[in-house]
Amino acid sequence: MKRLLFLMMLAPVLAWGAEAGYPLDRSPHEPTDLVSLQSGARLFVNYCLGCHSAQYMRYSRLTEIGLTEQQIRDNLLFTGEKVGDMMKVPMGAQAKQWFGVAPPDLSVVARSRGADWLYTYLRTFYRDPKTATGWNNAVFENVGMPHALWSLQGERGYDPEKNQWTQITKGALSQVEYDMAVRDLVNFLVYVGEPAAIKRKTIGIVVLLVLGVLFILTYLLKKEFWKDVK
Ligand code: HEC
């Protein structure tokens, strides 16, 4: 039931994402999986925050996904940052000069692009000597972003005409492990886009339970009222 409601809410996003040429893979992220969210947070800080910010997100909020302030301090903060700081870019304005386009803030990217798009995008970078960065992407043609996770996935080649992928160099992770890492990262990006969602779902379940109880009471009351009429 819960899953069905969730899918119904997701339907417009899926339909929108399907417009693009390259078929999108369904994102297997699980918003209630805290271990996955924590791993995603670590990946985001290590591989993405160098260029992208998540300016509506404070590090301190990460206690919501089960991290202690000490863990945040030890694992996720760059020198000089405080737990209460926003997740901002250390690199700043130079990025636009380097890549031609400024790396956008990723606070709400999961909502604007959809989780399936992100999950596919982060797994479909390929080597392309024709672009400025030497990288291209199957769902984002001529993207200005280099493949930030290439050391994990390895370098791959892609022939859009034949829709054929080739592995050029090996990465640190196997393909299955890489897919899992991207799942965690997308999970985190979805969470960043809507940190209140975890709480809201719990409230939703309570509301449904209360409605259920009310329904039973109303039914019993109705029986009680009509008992003498018949
Ligand atoms: C070296 C800098 C750099 C790093 C590191 C980097 N990005 Fe990017 N990213 C960019 C740039 C530049 C763009 C803009 C590309 C464009 O518009 O052509 C971009 C675009 C994106 C977009 C598309 C946004 C949109 O809606 O158009 C997403 C999503 C994204 N990055 C996610 C990530 C994630 C997740 C990571 C970490 C794994 C990451 N990026 C690491 C530079 C970077």
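**Exercise 1.** How are α2 and α8 oriented to each other: roughly parallel or roughly perpendicular?

*Solution.* The model is predicted. Begin with the two elements: helix α2 covers residues 34–47 and helix α8 covers residues 175–193. Next, take the geometry: the helices pack at an angle of about 90 degrees, and their axes lie 7 Å apart. Angles of 65 to 115 degrees count as roughly perpendicular. Therefore α2 and α8 are roughly perpendicular to each other.

**Exercise 2.** Determine which residues make the contact between α2 and α8, and classify them.

*Solution.* On the α2 side, the contact is made by Ser36, Leu37, Ser39, Gly40, Ala41, Leu43 and Phe44. From α8 come Ala181, Arg183, Asp184, Leu185, Asn187, Phe188, Leu189 and Tyr191. Sorted by character, the residues of this contact comprise nine nonpolar, four polar and two charged.

**Exercise 3.** Check the length of α8 against its expected span, then identify its buried residues.

*Solution.* Helix α8 has 19 residues, and the expected span is 1.5 Å times one less than that number. The helix should therefore span 27 Å, and its end C-alpha atoms are 27 Å apart, which agrees. As for burial, the buried residues of α8 are Tyr178, Ala181, Val182, Asp184, Leu185, Val186, Asn187, Phe188, Leu189, Tyr191, Val192 and Gly193.

**Exercise 4.** Describe the chain in terms of its elements, burial and surface.

*Solution.* The chain contains nine helices and six strands. Of its 230 residues, 35% are buried. The accessible surface amounts to about 14,300 Å², and carbon and sulfur atoms account for 61% of this area.

Notes:
Residues numbered from 1 in each chain as written. Predicted model: local features only at pLDDT ≥ 70, side-chain atom pairs only at ≥ 80, totals over all residues. Heavy atoms only, no water. Axes fitted to C-alpha atoms, helices over the stretch in contact; angles between N-to-C directions. Helix = DSSP H or I, 4+ residues; strand = E, 2+ residues; numbered from the N terminus. Parallel < 35°, antiparallel > 145°, perpendicular 65-115°, else oblique. Contact = heavy atoms within 4.5 Å. Nonpolar A, V, L, I, M, F, W, Y, C, P; charged D, E, K, R; others polar. Buried < 20%, exposed > 50% of the residue type's maximum accessible area, 1.4 Å probe, protein only. Areas by Shrake-Rupley, 256 points an atom, 1.4 Å probe, with all protein chains shown as cover.
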